[in-house]
Amino acid sequence: CGMNSRRVSSHSHRQEGSTSRLQQSKQAHSITAAIDVDALLEQAGSFHRFQICYIIIVGGIPWTVIGMMTMVHLFVSLLPVDIDCPVAEDIPMTNASHSLVQEFKLVCGKESLSHLLQSGFMFGMAFGAGFLGSLADKWGRLPTVYFSAIGAMVASTASAVAETYTLYALARIIAGFFVAGLGLIIFVLCSEFLGGSGRAVQ
C-alpha cells in the first residue's frame, strides 16, 4: 500500500509540474503576442531625428543612384534634327555631342528601338522585384542588398562600354532586374524603424 501511494503521489506531482509548465508557456506566448511593435515605436518616437538620419543614409543615397539609373535613358537618347535618310556618318544632335541614337543609328524608321530600351529596363524591374524580394526572405535583406547593388553596378558598367545595340539592351534589362530588388529592399529597411504614422509619411 505504501508503494502504491508513493507512486500515485509521484505521478500526481509530475502531472502538476507538466500543467504548471504548460500554463507558463501559455502565459509567455500571450505576453509575446500582446507586444505591439508599432505601439512601441510610436511611444519611442515614430519619425524623429534618428529615423530621418537613417532614411537619408540608408535610403537616400541608394534611391538617388536608382533614380539616376532609371532616368538616364532620357538623357542619352536625344533625338537628332534634320536627318536625311539614308543616314550620314555624323548625325547632327540637339543639345548634345553624342547619344545612343547617334551611336547605334536609331533613325530612319528605327526610332522605336530607342524607346524599346527603356521598356526593356522596366521589363527587368518587373522580374527583379518579385525574385529578389523573395530571395531577401531566404537570404536576409542585407546580403540581398549587397548582391543587388553589385549586380546593378556590373550591369551599368557593361551598358556604358557596350559597343552594339543588342549588348546595351541586354545590360539595361539586367540593370533593371537588380535595381528593382535594391529599391524594394531598401524601402523595407527604411520602414522597419518607423511607426504607423511614420510609414504614412514615408
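The largest nonpolar core of this predicted model contains 21 residues, and those with the most contacts inside it are Val145, Val179, Ile186 and Leu189. A nonpolar core is here a set of buried Ala, Val, Leu, Ile, Met, Phe, Trp, Tyr and Cys residues joined through side-chain atoms within 4.5 Å. Helices α3 (49-76), α5, α6 and α7 each supply at least two residues of this core. The greatest contribution comes from α7, with nine residues. A second, separate core has 10 residues, including Phe104, Leu106, Leu117 and Tyr165. In soluble globular proteins, nonpolar side chains tend to be buried together.

Residues are numbered from 1 along each chain as its sequence is written. Local features need pLDDT of at least 70 and side-chain atom pairs count only at pLDDT 80 or more, whereas totals for chains, interfaces and linings use all residues, and side-chain values use heavy atoms, with hydrogens and water left out.

Helices (H or I, at least four residues) are DSSP runs numbered from the N terminus, as are strands (E, at least two). Helix α7 comprises 27 residues (residues 165-191), and its end C-alpha atoms are 39 Å apart, in agreement with the 39 Å expected at 1.5 Å a residue. That expected span is 1.5 Å times one less than the number of residues. Because 19 of the 27 residues of α7 are buried, this helix is largely enclosed by the rest of the structure.

Two residues outside α7 illustrate the range of burial, for which buried means under 20% relative accessible area, exposed over 50%, and partly exposed in between (1.4 Å probe, protein chains only).

| Residue | Location | Relative accessible area | Class |
|---|---|---|---|
| Serine 114 | helix α5 | 3% | buried |
| Glycine 140 | loop between α5 (111-139) and α6 (141-161) | 22% | partly exposed |

Contact means heavy atoms within 4.5 Å. Not counting residues up to four places away in sequence, serine 114 touches His73, Ser77, Val101 and Leu106. With the neighbours within four places in sequence left aside, valine 145 is in contact with Leu182, Ile185, Ile186 and Leu189. Isoleucine 185 also lies 9.9 Å from glycine 140, C-alpha to C-alpha, at a separation of 45 residues in sequence.

Confidence is given as pLDDT, the predictor's confidence in each residue, from 0 to 100. The chain has a mean pLDDT of 76, and 65% of its residues reach 70 or more. Confidence is highest in α6, at a mean of 91, and lowest in helix α1 (residues 2-34), at 51. Over residues 2-9, pLDDT stays under 50, and the model has zero contacts for them beyond four places in sequence.
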